[in-house]
Structure formats: C-alpha cells, structure tokens
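Ready for a guided walk through a protein? Have the picture open, and we'll take it one stop at a time.

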Amino acid sequence: MSLPANASNRRRLDDAPLLVAARGGTPAHTPVWFMRQAGRSLPEYRRAREGVSMLRACLTSELVCEITLQPVRRHGVDAAILFSDIVLPLYASGVELDIVAGTGPVVNHPVRGAADVAALPGLSAEQVHGVGEAVRLLVHELGETPLIGFAGAPFTLASYLVEGGPSRNHERTKALMRSEPETWHALLGKLAENTLEFLRVQLDAGVDAVQLFDSWAGALSPRDYATYVRPHTDRILRGVAEYTDDRVPRIHFGVGTGELLGSMWECGASVLGVDWRVPLDRAVRRITPAGGEPPVVQGNLDPAVLFADWESVRDEVDRILAEGRSAGGHVFNLGHGVLPDTDPDVLTGIVEYVHSVSRTARLD
Ligand code: CP3
C-alpha cells in the first residue's frame, strides 16, 4: 500500500503524553485537556471575540490560532483543540445557518425531505481553506503540544439540519429516519462525506489527533444507532484510519451514550470518550472483548462539579484517576464541555493536580 499523501509532513511528538496514552503506552503523566477549553470561561476569549461572529471567527486563521492557544498558555493542558465548530463545514459549503449565543446552531431552511437532501451542497477543501491555514500556524506555534482536530458526526449534524436548531426530543429527525430510510441514509452519507473532507483538510495541515463529536447520539436506542447511524460514522473513522495509515489517534465522543459505548468503540475509534454517567472502570469492563486488550478511554469529570468546593473537586479527580487505571490508557477530561461560568482557576488547578498525582503514582 502506498503511503498516504499527508504522512511525510506529520510531526512525530513521540513523547507527548496525550499521544503516548492514546496509543496505549505509558506517558510521563496522565494527559489532561478539556472539551470547550477555549471559550466563554476565559476573559481573554471574550475580548478576542468582541465584535466578531462565531462563524466568521472560525474562518479567520489568526483569530483561530490565538483562541486555540489561550487555554494552552493559561492552563498548561496537554493538548490544544482547534477552535472551530461542528456546523462550520455546513456553513462554509453554503448552508444558511447561524450560531446564536445562548442557543446554538440555527438553520434557516431545515432539511425535511428527499429534495432538501438532494440540494444539500458538498464541501470542497477550498471552502475551509482558512481552517487549514490556522492548523499550519498552530502546529508551528505549539511546539511539543499536540493539536486535536475535530468534526461533528452525521447524527448530531443531521439533528441540527432536520430540526432547524437544538432539540430536546429530536422528533423530526427520528421521524425522517423511520419514515424515509432511503432519504435518511442519503443525508447521512452526504454528511459523512463532508465530515471526512473537513477532517482531511485538518490532517493535511498537520493535526496530531482527531475527535469526532456525536454529542446527541445518546438519544438513540442501541438498535437504532446500529441501523441508522453506525455505518456512516464507521465510514468516517475508518476513512481517517486509512488516510493516516493508522498513525493519528481517533477519539469518539457522545453524551448519555452508556448503552452505545460498545458500538461507538467498534466503529473504528482508538480512544473512547465517556461522559460522567458511567464510571470509567465500568465503561472499560463493558467494552473489553473477552480475552482482549482494554480500550483507551477519555473522561469523565462532570463539568458541574467544577462549581463545588476544591476538596470535592479533588475527591472526584482522585476517583476518576483510580477508575481510569483499569483502562488501556486514560486521557483525563470532563464528561462534556466546560460550562461558560466556570472559574478558569479551577481548570488550571485540575491540570496541576492531575499532573502531580499521576507522576507520583508512577514512581510508587
Ligand atoms: O473545545 C474547544 O475548545 C473547541 C471549540 C469547540 C466549539 N464548538 C466552539 C464553540 C468545539 C469542539 C465545538 C463543538 C460543538 N459545537 C459541539 C460538540 C461538542 C459538544 O459540546 O457537545 C456542538 C453540539 C456544537 C454546536 C454548538 N456551537 C453549540 C451547542 C454552541 C453553544 C451555543 C451557546 O452559546 O450556548 C455553539 C457555539 C460555540 N461553539 C461556542 C464556542 C466557544 C460559543 C460561542 C460564543 O462564544 O458565543
């Protein structure tokens, strides 16, 4: 097999704790980063975003670079995550949508039938050129800190497109899925293509790992997930594995996915994201094949716990580190994104604490 086009220019970062842990090795300390570490919890973020819309900011390379670096400078996290959004490739390809503060993505003309799906545009690399540019700037600025690229998985993207915005029950999405399975699979097939293209742009520019966010997949039963969603997500994660010759770790994450963890792991992920509802050791037991290797997991501190007193936070961190020991590797993270009113000093405190105790534990 010939080498993928983007293999030769990739940084190696052989000792970076995030990449060592993701590959099942023994890092110098347990790596830690936070979903939504760049965002409204940081005053420097709020200043940088003044007067610039979210989607515009995501396509302005210098701004993406600055905002992505902010939490790395402030907290000393073990990874940067590209400042972008899961709906950016839809927007860049011409879908009329906006991100409304306090609400989330809102789509002007929701996708409700076969004609809407047929009219959905594909994504070309040129349309997200600014994202590739930002990744190139970041790889240069970040030194030894890995950069995580990301994209939205087809179910979560489809939910925004079909509902027209955030949804509690996903009723229109589930109705389309069942009533018009051909239209549904055509929609998810297109979204999978777009997502893969968005990830290829990031991979070509040098991201060191990728995370696929299927935030709302937990709304599905295991059977519906397997029938209506998994083939498309599988295509993306296996597509990334092939494109990178299996060199770039693939993190797969969703919320409320306790019953889906096995399926989400088998999709071709190399690290499984777990929210706070399932203890890490239980997640590991659930998905380790009989006689096989335990998986690498990421998670899973409840973001609301960060509002409690420091002793409570520390107790939770201790518990999660202990439960993570049964995994094939542990990347410390929250179980979902940082909440906007979080005190950033608590995040810095967690990074320092995880580093210090996991270093000590290794010496025992
Ligand atoms: O983690 C990071 O630091 C990287 C940045 C990132 C953003 N969005 C920036 C953002 C990531 C990884 C995302 C992914 C994303 N976007 C997801 C999956 C992750 C998850 O939380 O489940 C989802 C579902 C979206 C859709 C979306 N975009 C929502 C729900 C919102 C919040 C709306 C709000 O104001 O409450 C956005 C906007 C958004 N994306 C913000 C940020 C920093 C807030 C924009 C602002 O500053 O006003």
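Let's start with two neighbours in the middle of the action: strand E8 and strand E9 (residues 329-334) run parallel, and six bridges join them. If you want a spot to put your finger on, try Val296, which stands opposite Gly329 in E9. To get from E8 to E9, the chain crosses through helix H14 (residues 310-324), and this β-α-β crossover is right-handed. Keep in mind as you look around that this is a predicted model.

Now turn to E8's other partner. Strand E7 (residues 271-273) also runs parallel to E8, with three bridges joining the two. Here you can find Gly273 opposite Gln298 in E8. The trip from E7 to E8 goes through helix H13 (residues 280-287), and once again the β-α-β crossover is right-handed.

So how covered is strand E8 itself? E8 spans residues 296-301, and six of its six residues are buried. For a residue to count as buried, 20 or more other C-beta atoms have to lie within 10 Å of its own.

E8 has one more surprise for you. Most peptide bonds are trans. The one from Gly299 to Asn300, however, is cis, with omega near -15°. Asn300 lies in strand E8, so if you are still looking at that strand, you are already in the right place.

While we're on backbone oddities, here is another kind. Most residues other than glycine have a negative phi. Which way does Leu13 go? Leu13 has a positive phi of about 45°, although it is not a glycine. You'll find Leu13 in the segment before helix H1 (17-22). Leu13 counts as partly exposed because it has 18 C-beta neighbours inside 10 Å.

Arg36 does something similar: its phi is positive too, at about 60°, and Arg36 is not a glycine either. Look for Arg36 in the loop between H1 and helix H2 (43-49). Arg36 is partly exposed, since 17 other C-beta atoms lie within 10 Å.

Next, find the ligand. How many residues surround the ligand? There are 22, and the closest are Ala38, Gly39, Gly104, Phe213 and Ser215. Sort that shell by class and you get 11 nonpolar, seven polar and four charged residues.

What does the record add? UniProt, in an unreviewed entry, places the feature "domain: Uroporphyrinogen decarboxylase (URO-D)" at residues 31-40 and 148-164. Over residues 31-40 the chain is 0% helix and 0% strand, and the end C-alpha atoms sit 23 Å apart. The span 148-164 is 59% helix and 29% strand, with its end C-alpha atoms 28 Å apart.

Finally, zoom out. The protein chain has 15 helices and nine strands. Its radius of gyration is 19 Å, close to the 21 Å that the globule rule gives for 364 residues, so the chain is as compact as a globular protein of that length. Along the principal axes, the C-alpha atoms fill a box of roughly 60 × 50 × 50 Å. And of the 364 residues in the protein chain, 48% are buried.

Key. Residues are numbered from 1 along each chain as its sequence is written. This is a predicted model: local features need pLDDT of at least 70, side-chain atom pairs count only at pLDDT 80 or more; totals for chains, interfaces and linings use all residues. A residue is near a molecule or strand if its C-beta atom, placed from the backbone, lies within 6 Å of it. Ala, Val, Leu, Ile, Met, Phe, Trp, Tyr, Cys and Pro count as nonpolar, Asp, Glu, Lys and Arg as charged, and the others, Gly among them, as polar. A residue is buried if 20 or more other C-beta atoms lie within 10 Å of its own, exposed if 12 or fewer, and partly exposed in between; C-beta atoms are placed from the backbone. Helices (H or I, at least four residues) and strands (E, at least two) are DSSP runs, numbered from the N terminus. Two strands pair if DSSP finds at least two bridges between them. A crossover is right-handed if, with the strands pointing away from the viewer, the path from the first strand over the helix to the second runs clockwise. UniProt positions are given in the numbering used here, feature names are shortened, and annotations may be inferred rather than shown by experiment. The radius of gyration is taken over C-alpha atoms; the globule rule is 2.2 Å times the number of residues to the power 0.38.
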